[in-house]
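Take a look at the model below, and let's walk through it together. We'll begin with the ligand's surroundings and then step back to the whole chain.

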Amino acid sequence: MAETIPVITEDPRLELISQQLVNFANADFSSELNISEQRDSIDSIIIGLNLLGEELKAHIAQAQLREADLKEALHRLNVAQHLSHIGSWEWNIPENKIEWTDELFRLYGRERGSFETTFENYLNCIHPEDRDFVNGKIQNAYQDHQPFDFFHRIMRADGIVRIHHSRGEVFTGADDRPYKMTGTAQDVTAIKEAESKTHRLAAIVESSSDAIISKTLKGYITSWNRKAEEIFGYTADEIVGKHVSILFPEERLSEEEAIMQEIRDGRSVINYETIRKRKDGTPFNVAITISPILDSQKRITGVSKVARDITEKKEAEEKLQRYTQELEYKNNETRQFTYVASHDLQEPLRTISNYIGLLANDYTGKFDKNGDLYIKFISRGAERMQVLIHDLLEYTRIENDNLITDVDLAALLKDIVENMQSTIVANNAVITVDSLPVIKGYHTRMNSLFQNLISNSIKFRKKNVAPVIHINATDKGNSWLFIVKDNGIGIEKDYYEKIFMLFQRLHTRNTYEGTGIGLSHCKKIVELRGGKIWVESVPGEGSTFYVELPKKVIL
Ligand code: ADP
């Protein structure tokens with residue numbers, strides 16, 4: 001006979017139990033149900049339910065704690081990634097889902113939500129020139145289940161190119177098939193740029209034409225470039241780690257302490273000329289510049305030294321000094337010669353001239369014909385000698401005129417023409433002068449210059465042709481170009497330079513009088529004023545003398 005199933009009558013506790021289950025489902029474990037007096041099976045359910053509630057409550061509390069920990073860890077990871085510019089990703093291969101961290105989005109300049117992290121999109125972010133390379137590396141890692149590690153360029157969304165260091169690894173399952181790849185990307189642009197800057201600087205140091213050496217504060221050599229090898233004769237391998245005193249001759253050893261004191265005081269020693277020693281012991285002249293090497297906190301961590309072999313420079317300086325001494329000696333000689341010419345020579349010459357004059361007056365006609373002729377020759381010779389000495393004195397005296405003024409060349413030329421009036425009239429010469437500027441210069445020198453040029457133009461006239469002389473000036477910006485043009489006999493091209501040399505003449509005195517000093521005098525005046533003088537000519541048609549003078553006076 002079948003047992004009768006007891007009919008559970010409507011019990012209000014069932015309602016409470018049902019409500020409590022709803023509470024549990026809403027994660028509300030705040031209340032417990034009371035057990036009734038009946039202690040029946042419904043009470044047993046209530047006891048079980050209360051226990052379950054307790055346990056669920058504890059579990060949930062624990063899960064909440066774990067979740068908070070996890071959130072904290074994730075936050076710390078994000079901060080760490082941000083600080084180190086490292087982003088990471090994880091690729092779930094079966095589901096083809098790639099997770100990027102916040103920093104990775106930042107590194108690629110993309111927004112989470114508007115950028116889908118598929119492999120294709122990732123490849124599109126790689127610099128076009130590096131795309132095949134990156135794809136190849138990842139494909140290989142996937143096939144060979146090997147970790148990867150390489151550098152490449154990326155293009156951020158804003159078009160900026162950055163350099164990334166990508167690393168990653170592949171995880172395989174029991175079936176030896178990859179199921180996950182993870183990796184990191186680090187922005188190493190700054191590091192790479194610093195590296196290439198360091199390489200560039202190293203290349204400059206290596207190719208420098210000076211020895212560049214660095215040493216510790218205690219004087220131990222830490223680097224040594226190619227030129228240092230060449231100048232001192234030690235290779236870098238031989239000398240790095242050695243004390244710098246190895247390069248000092250015995251008598252210069254005390255210099256090191258004095259130099260280091262300057263460095264410790266934060267000063268540099270610039271172009272200090274001294275003597276150092278090569279590997280073979282030979283001393284040589286060097287100019288050294290020593291500066292402190294500072295770290296980012298401006299603390300002195302070492303010393304850099306640039307050394308230049310100045311042996312040749314020293315030799316050149318000594319040569320120059322010798323030449324200067326010789327020149328001074330020669331100048332002195334010239335001054336003494338001037339003295340002799342002005343006093344010792346002029347005086348006896350005057351005596352000769354005077355007595356020849358007396359002789360000519362008193363005795364002409366009393367000798368035979370030859371006697372009269374000889375007296376004439378002697379007196380002409382004495383006259384010429386007086387002119388020569390006078391011109392020579394003028395030439396050597398130029399430097400004594402040292403009053404720079406405004407020289408009105410128009411007025412100066414007017415005076416010259418007036419003073420030369422008798423010569424001009426005697427030669428039927430025509431002189432025309434365009435407007436001339438006022439320049440800075442020495443008045444007497446400018447006077448000699450133009451007077452010499454004009455009197456030459458009259459002197460070297462063509463026979464039976466009246467001299468026509470034209471003077472003008474052109475403004476060339478930084479300088480004035482003066483032109484003295486005549487219609488005289490002209491000068492052959494071969495003599496364009498020779499005529500400016502002392503005592504150089506192209507004619508005998510019988511044809512044209514002169515001493516051969518005038519143009520050298522002009523050249524000296526022009527060159528002392530920082531200018532140039534030259535001639536152009538068509539023989540038989542005339543000559544043009546050019547004088548270019550800078551507007552600024554060079555003393
Ligand atoms: P000097 O006039 O005393 O002979 P210069 O030094 O003034 O000496 O001139 C050197 C030479 O240059 C002259 O002897 C002459 O042969 C030539 N010379 C100078 N000026 C002219 C000129 N205007 N025309 C032709 N020849 C000239």
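A bit of bookkeeping before we start: Ala, Val, Leu, Ile, Met, Phe, Trp, Tyr, Cys and Pro count as nonpolar, Asp, Glu, Lys and Arg as charged, and everything else, Gly among them, as polar. Keep in mind, too, that this is a predicted model. Sorted that way, the shell around the ligand splits into 10 polar, 8 nonpolar and 3 charged residues.

Who gets nearest? There are 21 residues around the ligand, and N456, D486, R505, G516 and L519 are the ones that come nearest. L519 also brings its backbone into play: one of its backbone N or O atoms sits 2.8 Å from an oxygen atom of the ligand. Next door in the numbering, G518 does something along those lines, with a backbone N or O atom 3.4 Å from a ligand oxygen. For a side-chain contact, turn to S543, where an N or O atom of the side chain is 3.5 Å from a nitrogen atom of the ligand. How much of the ligand is covered by the protein? On its own the ligand has 530 Å² of accessible area, and the protein covers 98% of that. The space that the ligand takes up is the largest pocket.

Which elements build the shell? Helix 14 (443–459), helix 15 (518–528) and strand 17 (542–550) are the elements that each give two or more residues. Helix 14 has the largest share, with 3 residues.

Now zoom out. The protein chain has 15 helices and 17 strands, and its C-alpha atoms fill a box of roughly 200 × 65 × 45 Å along the principal axes. The radius of gyration fits into that picture: the chain has 53 Å, whereas a compact globule of 555 residues would have one near 24 Å.

Two backbone details are worth a stop on the way out. D176, in the loop between strand 4 (161–172) and strand 5 (178–187), is not a glycine, yet its phi is positive, near 65°. N428 also has a positive phi without being a glycine, at about 55°, and you'll find N428 in the loop that runs between helix 13 (421–427) and strand 12 (430–433).

Note on methods. Residues numbered from 1 in each chain as written. Predicted model: local features only at pLDDT ≥ 70, side-chain atom pairs only at ≥ 80, totals over all residues. Heavy atoms only, no water. Near = heavy atom within 4 Å. Polar contact = N/O pair within 3.5 Å; in protein donor to acceptor, adjacent residues only side chain to side chain. Areas by Shrake-Rupley, 256 points an atom, 1.4 Å probe, with all protein chains shown as cover. 1 Å grid on protein atoms, 1.4 Å probe; cavity = no way out; pocket = protein on both sides within 12 Å on 5 of 7 lines; lining within 4 Å. Sits in = over half its atoms within 2 Å of the grid points. Helix = DSSP H or I, 4+ residues; strand = E, 2+ residues; numbered from the N terminus. Rg over C-alpha atoms; globule rule 2.2 N^0.38 Å.
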